[in-house]
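Here's a short look at a protein model, written for someone who'd rather poke at side chains than read a long summary. Have the structure open as you go.

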Amino acid sequence: MKIKKGFMKREISGKYLVVTTGELSRENSMFIELNDTSSYIWDLIEKGVERKDIPMRLCKRYSVSLEKASADTEKLIKAMEEAGIFEEE
């Protein structure tokens with residue numbers, strides 16, 4: 001998984017927003033608000049952490065069950081896929 005060029009996460013007034021930039025913003029201007037957990041998942045994806053490893057990192061950071069972390073991860077990644085945020089590798 002790799003985030004497509006033109007999508008950037010920004011922190012503005014304590015809120016995390018994903019915005020489109022450059023050429024992509026001319027084609028499809030988009031703003032997505034992320035909560036703390038979603039922002040952390042975004043950061044992991046940007047760092048190249050594999051999809052299968054993200055839930056365990058959530059468990060350690062937020063003290064949640066692996067089942068909950070897996071469900072939350074898959075829900076966010078599916079929404080990101082539907083929004084066209086990822087590019088093919």
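What follows covers an aromatic pair and then one helix.

First, the ground rules: this is a predicted model, where local features need pLDDT of at least 70, side-chain atom pairs count only at pLDDT 80 or more, and totals for chains, interfaces and linings use all residues. Residues are numbered from 1 along each chain as its sequence is written, and side-chain values use heavy atoms, leaving out hydrogens and water.

There's 1 aromatic pair in the structure. Its members are Tyr 40 and Tyr 62, and with their planes at 80 degrees, the pair is edge-to-face (Phe, Tyr or Trp rings, the six-membered one for Trp, with centres within 6.5 Å; planes under 30 degrees apart are stacked, over 60 edge-to-face, the rest tilted). The ring centres are 6.1 Å apart, and the pair links distant parts of the chain, 22 residues apart. Helices here are DSSP runs of H or I, at least four residues, and strands are E runs of at least two, numbered from the N terminus.

| Residue | Helix | Relative accessible area |
|---|---|---|
| Tyr 40 | helix 2 (residues 36-46) | 16%, buried |
| Tyr 62 | helix 3 (residues 54-62) | 25%, partly exposed |

Buried means under 20% relative accessible area, exposed over 50%, and partly exposed in between (1.4 Å probe, protein chains only).

Now for helix 4: Ala 69, Thr 73, Leu 76, Ile 77 and Met 80 are buried there. The face turned away from that buried side carries the exposed Glu 67, Lys 75 and Glu 82. After helix 4 comes Gly 84, with a positive phi near 75 degrees.
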